[in-house]
Every structure is written in structure tokens, then in C-alpha cells.
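Visitor: Can you walk me through this one? I'd like to start with the ligand and then look at a strand.

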Amino acid sequence: MLLQVEDIKTFYGSSQALFGVDLSLAEGEVVALMGRNGMGKTTTIRSICNLTPPKSGSIMFGGQPTARQPAFKVAQRGLGLVPEGRRCFGSLTVYENLTAAARHGHWTIERVNDLFPRLAERRNQQARTLSGGEQQMLAVGRALMTNPRLLILDEATEGLAPVIRDDIWRAIRALKTDGLSILLVDKTLSELLPVADRCVILENGRSVWAGKPVEIDTDIKDRYLGV
Ligand code: ATP
């Protein structure tokens with residue numbers, strides 16, 4: 001397994017957010033992390049990246065524990081995170097954003113530009129002057145430029161115009177075809193389920209269901225996803 005999360009419990013100060021989350025992801029797999037608002041998806045991601053380290057349980061990434069490693073070290077081991085709310089460096093240009101964290105590998109400026117041609121057109125523009133959708137593309141492009149072993153996307157299409165969403169989903173499908181391992185959080189089930197190999201559902205900070213997208217029936221949707 002590329003990523004193996006076992007029974008993690010994570011707190012914000014004295015307030016417990018995760019009460020036992022299990023999740024695994026094999027090399028080349030796309031796993032959807034699902035659940036209603038506030039159920040612990042972002043906290044699970046923050047735990048995996050060691051931004052909010054779990055108090056107990058274990059996380060193995062690439063066969064090694066992430067415990068007691070600062071988040072930047074875990075990132076250097078090949079975790080590419082596109083956090084909720086697309087954080088780009090606003091005063092840097094598109095090009096500077098892409099090259100700032102770049103590491104040698106398959107993903108180059110040229111490949112990112114092929115994936116998102118709009119970024120090529122806006123190469124010398126400051127990131128803060130981009131539209132929300134373009135900033136999201138830049139956030140994905142920047143994560144790819146680190147040549148991650150695992151790409152994590154937290155609500156990458158949230159709040160974007162439909163045409164831009166389509167562009168992002170097209171890119172995600174292309175990355176999957178490319179064989180990239182991806183952990184994905186998104187509310188648009190109609191796009192998410194076809195691209196996912198497996199799904200893990202969280203409820204109240206616990207993983208309560210795992211299986212293939214085809215196994216998610218109306219009962220599971222009603223019970224855990226509120227649709
Ligand atoms: P959403 O879809 O709304 O982003 P989520 O499934 O990602 O939800 P989390 O953001 O992980 O859920 O939140 C899980 C729980 O942790 C919630 O009860 C939330 O209120 C709490 N929580 C999240 N961030 C913090 C924080 N910084 N401090 C305290 N509690 C927090």
C-alpha cells in the first residue's frame with residue numbers, strides 16, 4: 001500500500017475531530033473520501049499530511065511512518081496537497097508559483113501547460129489577478145510540479161463555474177489515466193464516483209463504510225451522504 005491509515009484519532013486542542021479513521025490507497029489508485037459536511041474529511045487529510053498530527057493510530061506513507069516528521073518532510077517524501085481554498089502565492093506570477101516548489105520528475109512546466117493551457121496564457125500574470133478557477137488550476141499545477149507519489153485534492157472544484165469544473169475533472173481523469181495515485185474529496189458525486197476506484201465514507205469522525213463506487217446504493221447515499 002502506498003498509504004495506510006489505521007485507527008487515527010485527531011484533536012484540535014482539546015476538541016476531538018477524528019475517532020478512528022481507517023483508509024488505504026494502493027499505488028495508482030484513486031480513492032474518494034466522502035461524507036457530509038463536518039464529518040472529518042479535511043481533518044483526515046490534515047492528519048495524513050501531519051499538519052494536524054493524530055494523537056493515536058498510525059499512518060504509513062510509502063512504507064514508512066509519518067509520525068514525528070514535520071509536514072514539510074512528509075511533503076518532500078511525495079505528498080502533493082491541494083488544500084481546500086486553493087492557496088497560491090498571490091504576489092508571485094503563475095510561472096513563479098509553478099517553479100517555486102518544483103522537483104525533478106515526470107511533471108514539468110510543459111506538461112502542466114498541456115494539462116491547463118490557460119496557465120500557459122497567464123504565465124507572467126500575478127496569481128492574485130487570476131480567476132478562482134485559474135487559481136485552482138494553478139494550485140493543482142503547483143502540486144504536480146513537486147512530482148508527488150500521491151496527490152491529495154480537497155474540494156478542488158468547490159465554488160467554481162461549471163465550465164471550469166469540467167476542465168478540472170478532465171484533468172483529474174487524465175491524471176488517473178496517467179497512473180497517478182490520488183486521494184479525492186469532492187461533493188459532486190456524479191463526477192466523483194466514475195473516477196474513483198474505491199470510496200471511504202466518514203461519519204462523525206469515523207470511517208463507517210468502504211467499497212467500490214458501484215456498491216454505493218440509495219440506502220448508503222441516504223444514510224451517509226445526505227443525497
Ligand atoms: P467540510 O465538508 O465541511 O469541509 P469535513 O468533512 O472536511 O467538512 P472537517 O473540516 O474535518 O470536516 O471537520 C471535522 C470536525 O472538526 C468538525 O466538527 C469541525 O467543526 C471540527 N474542526 C475542523 N477544524 C477545526 C479547527 N480548526 N478547530 C476546531 N475544530 C475544528
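Guide: Here is a short chat about the ligand site and one strand.

Guide: This is a predicted model, where local features need pLDDT of at least 70, side-chain atom pairs count only at pLDDT 80 or more, and totals for chains, interfaces and linings use all residues. Residues are numbered from 1 along each chain as its sequence is written, and side-chain values use heavy atoms, with hydrogens and water left out.

Visitor: Okay, how many residues surround the ligand?

Guide: There are 13, and the closest are Gly38, Gly40, Lys41, Thr42 and Thr43. A residue counts as near if one of its heavy atoms lies within 4 Å of the molecule.

Visitor: Which polar backbone atom sits by a ligand oxygen?

Guide: One of Gly40, 2.9 Å from an oxygen atom of the ligand. A polar contact here is a pair of N or O atoms within 3.5 Å. On the side-chain side, Glu84 has an N or O atom 3.3 Å from a ligand oxygen, and a polar atom of Asn37 lies 3.4 Å from one.

Visitor: New topic: is strand S9 mostly covered or open?

Guide: Mostly covered: five of the six residues in S9 (residues 198–203) are buried, meaning under 20% relative accessible area with a 1.4 Å probe, protein chains only. Strands are DSSP runs (E, at least two residues), numbered from the N terminus.

Visitor: What does S9 pair with?

Guide: S9 pairs with S3 (residues 30–34) in the parallel sense over four bridges, and with S10 (residues 206–211) in the antiparallel sense over five. Pairing takes at least two DSSP bridges. Val31 stands opposite Arg198, while Val200 faces Ala210.

Technical notes
A polar contact is a pair of N or O atoms within 3.5 Å; within protein, one must be able to donate a hydrogen and the other to accept it, and residues adjacent in sequence count only if both atoms are side-chain atoms. Buried means under 20% relative accessible area, exposed over 50%, partly exposed in between (1.4 Å probe, protein chains only).
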